[in-house]
Amino acid sequence: MPSRPLTPPKRDKVNIKLMVLGDLRVGKTSLIQRFLRGSAFTMPKYKPTYAADFVHKNVVLRDKPRTLQIWDTSGNERQRAPDRAFFKGVDALVLVFDQRRASTFAPALDRHLDDFLAHAACPDPRLLPVVVIGNRAGEKNESEATSGTTGKQSESESEGGEREVRRSEVEAWCRGRVEGNRLFAYFEASAKEGAHVDDAFLHAANAVLDVHHGAVH
């Protein structure tokens, strides 16, 4: 009796492409650079990104070396069409907004997500990992940092003093955008302080591996 041909095992995924989208001045480049450089990163004077560009970071995930290719975009409406040329082949999407500027949250994130889905030709959008980062989490402005205020803090003071977008709002937005996609995740992070930046990017990469190996259906 002839034996059945063996199904070759699925090749492991060693290259992971992440695309970072968000409005101008939300900190996309700073978050990427913090992830790349860790504690060696210092916040630079603001300089806008004029065209899409990418960087590489080598990491070890699940006991194997992987290369993350992280694409930075301008956030400028005029640059949107050229940026779309790099949407093809993206494994996971990172959406960034500034917690101190509600205008960068919704409907801005809706616009970026819808534009990506319309032009990225995802085989199945339900299996696209989407990580939302609320940047500037817990950062103090200059007056707060030097005031020496004591006593019980209000919610807004303890979370940054000028916060305009609450966690509950973002979580509700994510639930509303799921549409069969269970791969949404939200992280409150700070490029300036370094809080949860690694967590967000590595979560995106691990979610890609889950999809690739069939752990998510």
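A cavity is a set of grid points where a 1.4 Å probe fits but cannot get out. By this rule, the predicted model holds 1 cavity of 30 Å³ or more. Its volume is about 100 Å³. The lining consists of Leu21, Gly22, Thr73, Ser74, Gly75, Asn76, Arg80, Asp83, Phe87, His112 and Asp115. Three elements give two or more residues each to this lining: β1 (15-22), α2 (80-84) and α3 (108-119). By class, the lining has 6 polar, 3 charged and 2 nonpolar residues.

Asp83, one of the lining residues of the cavity, sits in helix α2. Its relative accessibility is 6%, so Asp83 counts as buried, the cut-off being under 20%. Beyond four places in sequence, Asp83 touches Ala52, Thr73 and Ser74. Thr73 and Ser74 also belong to the cavity lining.

The overall fold was examined next. The protein chain has 7 helices and 6 strands. Their order along the sequence is β-α-β-β-α-β-α-β-α-α-α-β-α. Of the 217 residues, 44% are buried. Contacts between residues at least 6 apart in sequence were also sorted by separation. Of these, 73% join residues at least 24 apart. The chain exposes about 12,100 Å², and carbon and sulfur atoms supply 52% of that area.

The second largest pocket contains about 320 Å³ of space. A total of 17 residues line this pocket. Val90, Asp91, Pro123, Leu127 and Val211 lie nearest its centre. Helix α7 gives the most to the lining, with 3 residues. By class, this lining has 12 nonpolar, 2 polar and 3 charged residues.

Helix α7 covers residues 197-212. At 1.5 Å a residue, its 16 residues should span 22 Å; the end C-alpha atoms are 23 Å apart, which agrees. The buried residues of α7 are Val197, Ala200, Phe201, Ala204, Ala205, Ala207, Val208, Leu209 and His212. An α-helix has 3.6 residues a turn, so residues three or four places apart point the same way. Val197, Ala200, Ala204 and Val208 are among the buried residues of α7. The helix is followed by Gly214, with a positive phi near 80°.

Helix α1 spans residues 28-37. Its buried residues are Lys28, Ser30, Leu31, Ile32, Arg34 and Phe35. These residues pack against α7 and five strands: β1, β2, β3 (64-72), β4 (92-98) and β5 (130-135). Gly38 follows α1 and has a positive phi near 60°.

Thr29 also lies in α1. Its relative accessible area is 30%, so Thr29 is partly exposed. Leaving aside neighbours within four places in sequence, Thr29 is in contact with Thr49 and Asp72. The C-alpha atoms of Thr29 and Trp71 are 9.5 Å apart, although the two residues are 42 apart in sequence.

Met43 lies in the loop between α1 and β2 (53-61). At 43% relative accessibility, Met43 counts as partly exposed. Outside the four places on either side in sequence, Met43 touches Ser30, Ala191 and Lys192. Ser30 is one of the buried residues of α1. The C-alpha atoms of Met43 and Leu31 are separated by 9.8 Å, with their positions 12 residues apart along the chain counted as the difference in number.

Backbone geometry was then inspected in the loops. Arg62 and Asp63 both lie in the loop between β2 and β3. Phi of Arg62 is positive, near 55°, although Arg62 is not a glycine. Asp63, likewise not a glycine, has a positive phi of about 70°. The two residues fall into separate accessibility classes. Arg62 counts as partly exposed because its relative accessibility is 41%. Asp63 is exposed, with a relative accessible area of 75%. A cis peptide bond joins Ala106 and Pro107, with omega about 10°. Pro107 is found in the loop between β4 and α3.

Conventions:
Residues numbered from 1 in each chain as written. Predicted model: local features only at pLDDT ≥ 70, side-chain atom pairs only at ≥ 80, totals over all residues. Heavy atoms only, no water. Helix = DSSP H or I, 4+ residues; strand = E, 2+ residues; numbered from the N terminus. Buried < 20%, exposed > 50% of the residue type's maximum accessible area, 1.4 Å probe, protein only. Contact = heavy atoms within 4.5 Å. Areas by Shrake-Rupley, 256 points an atom, 1.4 Å probe, with all protein chains shown as cover. 1 Å grid on protein atoms, 1.4 Å probe; cavity = no way out; pocket = protein on both sides within 12 Å on 5 of 7 lines; lining within 4 Å. Points joined across faces, edges and corners; volume = space filled by probe spheres on them. Nonpolar A, V, L, I, M, F, W, Y, C, P; charged D, E, K, R; others polar. Expected span 1.5 Å × (residues − 1).
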